[in-house]
Amino acid sequence: MTSQRPVAVIIMAAGQGTRMKSATPKVLHEIGGRSLVGHAVVTARALAPEHLVVVVGTGREQVEAHLAAIDPDVRTAVQQQQLGTGDAVRAGLTAVPADFDGAVVVTSGDVPLLRPETLHELIAEHDKQGNAITVLTARVPDPTGYGRIIPGDDGTVAGIVEHKDANPEQRQIDEINAGIYVFDAAALRDGLSRLTTDNAQGELYLTDVLAIARGDGKRVGAYVTDDAMQTEGVNDRVQLATLRAELNRRTLDSLMRAGVTVVDPNTTWVDQTVTLESDVTLLPNIQLHGATTVATGATIGPDTTLTDVQVGAGASIVRCHGSGAIVGAGASVGPYAYLRPGTTLGANGKIGTFVETKNASIAAGAKVPHLTYAGDATIGEGANIGAGTIFANYDGVNKHHSTVGRYSFVGSNSVLVAPANIADGAYVAAGTALTEAVGPGEIAVARGKQRNIAGWVARKRAGTKTAKAAEEARAQEAARTDKLSDTGDEAEREARP
């Protein structure tokens with residue numbers, strides 16, 4: 001059970017992140033569809049805190065703008081100088097009301113695998129033990145670089161010593177500080193007010209608050225997680241890639257256990273923001289991003305990237321790239337289609353090979369099978385768009401919309417010059433450049449009359465392989481004609497009395 005006391009959360013996200021070697025603040029680098037700090041905010045929100053504060057510093061303007069976009073209710077506090085974790089939390093506490101007396105959870109903006117359940121368990125253990133401070137810890141095979149947990153004789157935490165300050169005996173300890181804590185607010189305020197920089201780094205260590213509280217006779221405990229990967233932070237791009245892969249592995253594992261078929265997990269990447277229903281099949285080389293949703297029975301892939309795409313039940317999308325689109329139930333897309341924002345494909349409709357769509361509403365049962373650009377278009381139920389059709393929607397200044405009515409047919413290699421309006425039950429002949437409206441039941445034909453010029457190849461392409469082929473063909477045709485003539489003469493003679 002988690003505490004019923006009010007909770008405040010402070011997320012430390014002010015670090016420089018110099019090892020990332022990036023103009024982008026470290027906490028804004030993304031894995032699994034969210035920024036690092038975005039993961040921290042989502043996890044913190046699961047506690048339903050009364051106060052949620054993110055401590056910012058390096059790249060403050062960028063981080064604050066990002067936070068305003070993903071969670072406008074987050075408060076920010078500024079750490080003016082990088083003086084250590086204690087200074088960061090002290091800055092964060094200024095955004096929490098002075099009379100707040102609940103539990104204060106402190107976490108980091110670069111620990112993306114931390115799960116809400118773990119924070120709930122940490123708070124529950126804090127209350128169960130009656131601690132003033134509880135630290136999340138883990139046991140790792142190689143604790144180099146981590147703060148070590150110094151155990152007390154009574155099973156409590158006697159203190160935490162940073163790696164650089166640890167003696168050889170302390171460095172043998174394999175229980176490490178995850179940098180995630182829950183404090184009673186009064187103990188935190190008191191400890192922060194008494195911090196000093198008497199350490200190897202010359203910084204204000206948050207860990208010293210634990211020693212201060214213990215020295216005052218307050219209980220300091222630990223909650224040991226059996227999943228050390230949750231405590232891993234990001235300091236460089238190698239660690240970023242490692243945690244990205246691990247987060248994706250966990251995401252796919254959860255999806256497969258919920259009834260999703262993932263044929264090749266090694267080439268399948270699914271953001272945490274994506275929703276997949278049971279009996280969805282993901283074929284190799286898939287990337288699903290953003291707010292993408294896939295309904296039951298749909299098949300995605302292979303070789304497909306979707307961002308913010310809604311896919312209906314039983315639909316199929318093969319070797320495609322799509323964003324901001326809706327694909328209806330039972331519809332099929334691809335291979336090699338490009339769905340741009342504003343595309344809507346109705347139930348059992350088809351967008352086929354080498355088709356690009358943008359701001360296009362394609363109704364149920366309608367087909368755009370191949371080699372077509374459909375931009376700024378409404379295509380009615382059951383309509384068929386022939387190969388090579390172009391919706392010419394741009395006049396060089398403005399975009400214009402075109403409409404193809406229900407069960408109408410547009411012949412191959414047509415150009416619909418927008419705004420084109422084709423009524424229900426109409427035809428457009430192949431090769432038409434359409435510039436006027438077509439009424440119900442009409443067929444539009446807009447193309448030049450065919451004219452064959454005899455002898456053109458012999459005159460204009462003499463000596464070429466084409467001319468030789470034409471000469472041979474004429475000779476063969478003449479021979480056939482002569483043979484038919486001879487056969488006819490013989491039949492006539494036999495018919496005489």
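Helices and strands here are DSSP runs, numbered from the N terminus. On that numbering, N235 sits in the loop between β11 and α7. The model is a predicted one.

**The annotated pair**

A UniProt entry, unreviewed, places the feature "binding site" at D110 and N235. The two are spread over 126 residues of sequence, yet they cluster in space, with a largest C-alpha distance of 8.1 Å. Both D110 and N235 are included in the lining of the largest pocket.

D110 belongs to the loop between β6 (103-108) and α4 (116-129). Its relative accessible area is 12%, so D110 counts as buried. The side chain of D110 makes a polar contact with the side chain of K26, at 2.8 Å. Beyond its neighbours within four places in sequence, D110 is in contact with K26, L36, E232, G233, V234 and N235.

N235 is partly exposed, because its relative accessible area is 27% and the buried class ends under 20%. Residues up to four places away in sequence aside, N235 touches R19, M20, K26 and D110. K26 therefore appears in the contact lists of both D110 and N235.

**Helix α7**

Helix α7 spans residues 237-257, 21 residues in total. From first C-alpha to last, α7 reaches 30 Å, close to the 30 Å expected at 1.5 Å a residue. D236 caps the N-terminal end: one of its side-chain oxygens lies 3.1 Å from the backbone nitrogen of V238. After the helix comes G259, with a positive phi near 105°.

Which residues of α7 are buried? They are L240, L243, E246, L247, N248, T251, L252 and L255. These buried residues pack against two groups of elements. One helix is involved, α1 (36-45). The strands are β2 (30-31), β12 (261-262), β13 (268-270) and β14 (275-276).

**Three further positions**

T231 lies in the loop between β11 (220-225) and α7. Is T231 buried or exposed? T231 counts as buried, because its relative accessibility is 6% and the class takes values under 20%.

E30 is placed in strand β2, one of the elements against which the buried residues of α7 pack. E30 is partly exposed, with a relative accessible area of 48%. E30 and G152 are 122 residues apart in sequence, and their C-alpha atoms are 39 Å apart in space.

A313 is found in the loop between β20 (310-311) and β21 (316-317). A313 is partly exposed at 33% relative accessible area. Its C-alpha is separated by 36 Å from that of L119, 194 residues away along the chain.

The table lists accessibility and contacts for these three, leaving aside neighbours within four places in sequence.

| Residue | Relative accessible area | In contact with |
|---|---|---|
| T231 | 6% | V111, L136, A138, A178, T225 |
| E30 | 48% | S35, R244 |
| A313 | 33% | A295, T296, A329, G330 |

**Drawing it together**

The loop between β11 and α7 holds T231 and N235. T231 is buried at 6%, whereas N235 is partly exposed at 27%. D236 then caps the N-terminal end of α7. Across from N235, D110 is buried at 12% and is in contact with N235 itself.

Technical notes:
Residues are numbered from 1 along each chain as its sequence is written. This is a predicted model: local features need pLDDT of at least 70, side-chain atom pairs count only at pLDDT 80 or more; totals for chains, interfaces and linings use all residues. Side-chain values use heavy atoms; hydrogens and water are left out. Helices (H or I, at least four residues) and strands (E, at least two) are DSSP runs, numbered from the N terminus. The expected span of a helix is 1.5 Å times one less than its number of residues. Buried means under 20% relative accessible area, exposed over 50%, partly exposed in between (1.4 Å probe, protein chains only). Contact means heavy atoms within 4.5 Å. A polar contact is a pair of N or O atoms within 3.5 Å; within protein, one must be able to donate a hydrogen and the other to accept it, and residues adjacent in sequence count only if both atoms are side-chain atoms. UniProt positions are given in the numbering used here, feature names are shortened, and annotations may be inferred rather than shown by experiment. On a 1 Å grid over the protein atoms alone, a cavity is a set of points where a 1.4 Å probe fits but cannot get out, and a pocket is an open set with protein on both sides within 12 Å along at least five of seven lines; lining residues have an atom within 4 Å of a point.
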